[in-house]
Amino acid sequence: MSSECGMLLIILLRISGCLGESVSVSCSPQPICALQESAVNLICSYPNIAIKTVFWFSFKQKAKWRNEGHPEDLALDSDYAGRVSTESTDSKSTLTIRELRERDSGEYHVMIITEQGEKHLNPRAVSLTVTALQVRVISSTASDDHTVTLMCSSTCSLSNNPTYIWYKNGQPVTNKLTRDNKLYLNCSEDAGNYSCAVRGHEELRSPDQTLGDCAENPEQSSVLTLVTVGVVVFLALILITAALWMCCVIRRKRGAERDTDFQTPDPTDHTYTALNPTTLTSDYDTLTHLTDSPSDTYTGLNPETMCSDYNTLTGMQALQSELQRRASAADYENVQRPSA
């Protein structure tokens, strides 16, 4: 910013000259505020003296110095490589920093080395703050209208009293009232996306700020929002309750079905009499005859459904009865013989 040269704030710095003389040094105004991605010039001037070297440095970078007690040229720092340049004469030194970043904010010093090898450090640094533009919305209610004020803000006051430019949907705003860094709008008519910039740096615009149609009363909008949220919550509760009720009904239904499948039979009912008559086979008829017959198990079987195995069993039964009869007769005879 070359115009800063005409606005130099004289800072008297007492540094020892090569012959013990007092040297006054004037530097850039304090502090300097600049936009991100822009360029800035830091300037210090001094009387004509025999100077060998002049360089700029910042104590915030001292962790990178080979010796923390010996400042190093900022141009050698990797954070500034390719972005800084120094132009020095016997009476003035200018440090230019381009493509400014937020981390470039800090204090900068100039080191003067005379032909005799004496080093002179200005004790008072040049302070630099790097900022970005941002659009803020400030609402204000007039008597018959609802107006909105947009403000192009930054974290520090930009140097040189800049002129602000406003854009709506990417196009310059020319027919609206502006004052300093403010733009006055009617929200019911001027909805759109707004951004701002500084004259001379039109390419460095702020992010868009969307302005909607705010003709409605803000209190009514708030009430409508609350009602909408309440309805949504109520419907959600109804759905959750219905889902839980359906779950309970399904579980009860399944439990009832399981109880029906596993009913305990009545002890007084005979197992076979509870069977379905339409599905009974001939074997069940035989079993039915058994339950009703007081006679022997095998004699109670249905002759029509008996196979040869049943005949064998019947014969064995007759043989067993005959053997038992003979054994009883033999025992009787043995008992009678001693008494004779």
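**Figure 1. F57 and W65, two buried aromatic residues.** In this predicted model, F57 is buried, and W65 is buried too. For F57 the relative accessibility comes to 0%, so this residue counts as buried with nothing left to argue about: the cut-off is under 20%. F57 and W65 make an edge-to-face aromatic pair, with 5.9 Å from centre to centre and 70° between the planes.

**Figure 2. The aromatic cluster around F57.** Let us widen the view a little. One aromatic cluster is formed by F55, F57, F59 and W65. Within the structure there are five aromatic pairs. In one of them, the ring centres of F57 and F59 lie 5.2 Å apart and the planes meet at 85°, so this pair is edge-to-face. Is F59 buried, partly exposed or exposed? With a relative accessibility of 39%, F59 counts as partly exposed, whereas F57, at 0%, counts as buried.

**Figure 3. An open sheet of four strands.** Here the strands run in the order β3-β5-β8-β7, forming an open sheet with antiparallel pairing. Which strands sit at the edges? They are β3 (26–27) and β7 (84–88), each of which pairs on one side only. Two bridges join β3 and β5 in the antiparallel sense, and C27 is found opposite C44 of β5. Between β5 (residues 40–45) and β8 (residues 92–97), the antiparallel pairing runs over six bridges. Two positions are handy for finding your way along this pairing: V40 has I97 of β8 as its bridge partner, and I43 stands opposite T94 of β8.

**Figure 4. Strand β5, covered on both faces.** How many of the six residues of β5 are buried? Six of the six are, so the strand is largely enclosed by the rest of the structure. One side carries V40, L42 and C44, the other carries N41, I43 and S45, and all of these residues are buried. If you are following V40 from the previous view, this is the residue whose bridge partner in β8 is I97.

**Figure 5. The largest nonpolar core and its neighbour.** V40 returns here, together with L42, W56, L95, I97, Y108 and L128: these residues have the most contacts inside the largest nonpolar core, which has 23 residues. Elements giving two or more residues to this core are β4 (32–35), β5, β6 (51–57), β8, β9 (106–114) and β11 (126–131). A second core of 20 residues is separate from it, and V148, C156, L183 and Y194 are among its members.

**Figure 6. The surroundings of I97.** Which residues does I97 touch, leaving aside those up to four places away in sequence? The list is S38, A39, V40, Y80, R83, V84, D104, Y108 and L128. Among these, V40, Y108 and L128 also belong with I97 to the residues that have the most contacts inside the largest nonpolar core.

**Figure 7. Two loop residues with positive phi.** Most residues other than glycine have a negative phi. E99, which is not a glycine, has a positive phi near 50°. E99 lies in the loop between β8 and β9, and with a relative accessible area of 47% this residue is partly exposed. D180 also has a positive phi, near 55°, in a residue other than glycine. You will find D180 in the loop between β16 (178–179) and β17 (182–186). Its relative accessibility is 66%, so D180 counts as exposed.

**Figure 8. A charge over a ring.** This view brings together R205 and Y167. The charged end of R205 sits over the ring of Y167, at 3.6 Å from the ring centre.

**Figure 9. The whole chain, and where to read with care.** The protein chain holds three helices and 19 strands. Of its 340 residues, 28% count as buried. Among contacts between residues at least 6 apart in sequence, 52% join residues at least 24 apart. The mean pLDDT of the chain is 75, with 67% of the residues reaching 70 or more. Over residues 1–22 the pLDDT is below 50, and this stretch has 52 contacts in the model beyond near neighbours in sequence. Residues 290–295 likewise stay under 50, and the model has six contacts for them beyond four places in sequence. Where pLDDT is low, please do not read the predicted coordinates in detail.

Definitions and conventions: Residues numbered from 1 in each chain as written. Predicted model: local features only at pLDDT ≥ 70, side-chain atom pairs only at ≥ 80, totals over all residues. Heavy atoms only, no water. Pairing = 2+ DSSP bridges. Phe/Tyr/Trp six-rings, centres within 6.5 Å; stacked < 30°, edge-to-face > 60°. Buried < 20%, exposed > 50% of the residue type's maximum accessible area, 1.4 Å probe, protein only. Lys NZ or Arg CZ within 6 Å of the ring centre and 35° of its normal. pLDDT = per-residue confidence, 0-100. Contact = heavy atoms within 4.5 Å. Core = buried A, V, L, I, M, F, W, Y, C linked by side-chain atoms within 4.5 Å.
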